[in-house]
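Colleague: Please take me through this model. Short answers will do.

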Amino acid sequence: WYQRRVREAVVSTQSTGRRRCSIQDNKIYYWLYPEDQVNRNKAPHGEIDLRQSKSDKVSIASRLDCARPNTFVLTILKPSQPGDRSSIITEINGKTTQTKFLMCADSREERKQWMDVINRSLQCVVSWNH
């Protein structure tokens, strides 16, 4: 498990806010409140499946995508669902939906740590073909 707070810049509701995040089993789990994750009294608010990543690494977000410093982007490609809607971060292409998850760390060092951990996980996914 790698656990840290990360600002999830944009989620499906297009809201911003801090999320308590952890990474395990090729997924990033996130909770709305730190006590929910720490006390394990609630299921995660959401998850990002790294096996659906469009690339084998996350990258620093361009200023056009997000003006916040220390932001990185993870792009997920999954089969389209009936409730999927196009937005600034989501693009529907026939049978697939592409979503950009913009995540912002509190510092440059935390961003680097998160990117390193996620990139290692993505390399495992690619190597093991999960």
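Colleague: Which strand is joined to β3 by four bridges?
Modeller: Helices (H or I, at least four residues) and strands (E, at least two) are DSSP runs, numbered from the N terminus. Strands pair if DSSP finds at least two bridges between them. In this predicted model, β3 meets its antiparallel partner over four bridges, and that partner is residues 46-49, strand β4.

Colleague: What pLDDT do local features need?
Modeller: Residues are numbered from 1 along each chain as its sequence is written, and side-chain values use heavy atoms, without hydrogens and water. The model is predicted: totals for chains, interfaces and linings use all residues, side-chain atom pairs count only at pLDDT 80 or more, and local features need pLDDT of at least 70.

Colleague: Which residue of β4 stands opposite Tyr-29, and is Tyr-29 buried or exposed?
Modeller: Buried means under 20% relative accessible area, exposed over 50%, partly exposed in between (1.4 Å probe, protein chains only). Lys-27, Tyr-29 and Trp-31 sit on one side of β3, with Ile-28 and Tyr-30 on the other, and both sides are covered. Five of the five residues in 27-31 are buried, so β3 is largely enclosed by the rest of the structure. Tyr-29 is thus buried, and its opposite residue in β4 is Glu-47.

Colleague: Which element gives the largest share of the largest nonpolar core?
Modeller: Such a core is a set of buried Ala, Val, Leu, Ile, Met, Phe, Trp, Tyr and Cys residues joined through side-chain atoms within 4.5 Å. The largest has 17 residues, and Ile-28, Leu-74 and Ile-118 are among those with the most contacts inside it. Two or more residues come from each of β2 (17-24), β3, β6 (71-79), β8 (96-104) and α2 (108-128). The largest share, five residues, is from α2.

Colleague: How far apart are the end C-alpha atoms of α2?
Modeller: Expected span is 1.5 Å times one less than the number of residues. With 21 residues, α2 should span 30 Å, and the model agrees: its ends are apart by 30 Å.

Colleague: Which residue follows α2?
Modeller: Buried residues of the helix include Trp-114, Ile-118, Leu-122 and Val-125. An α-helix has 3.6 residues a turn, so residues three or four places apart point the same way. After α2 comes a residue with positive phi, near 55°: Asn-129.

Colleague: Which residue of β8 stands opposite Thr-71?
Modeller: Thr-71 lies in β6 and is buried, at 3% relative accessible area. β6 pairs antiparallel with β8 over nine bridges. Contacts (heavy atoms within 4.5 Å) of Thr-71 include Ile-60, Leu-102 and Arg-111, not counting residues up to four places away in sequence. Opposite it in β8 stands Cys-104.

Colleague: Which residue of β6 stands opposite Ile-60?
Modeller: β5 (residues 59-60) also pairs with β6, antiparallel, over two bridges. There Ile-60 is set against Phe-72.

Colleague: How many disulfides does the structure hold?
Modeller: Cys-21 is buried at 4% relative accessibility, whereas Cys-124 is partly exposed at 43%. A disulfide needs two cysteine sulfur atoms within 2.5 Å. The count is zero.

Colleague: What percentage of the chain's residues is buried?
Modeller: The chain holds two helices and eight strands, in the order β-β-β-α-β-β-β-β-β-α. Of contacts with a separation of 6 or more, 49% join residues 24 or more positions apart. Among the 130 residues, the buried part is 42%.
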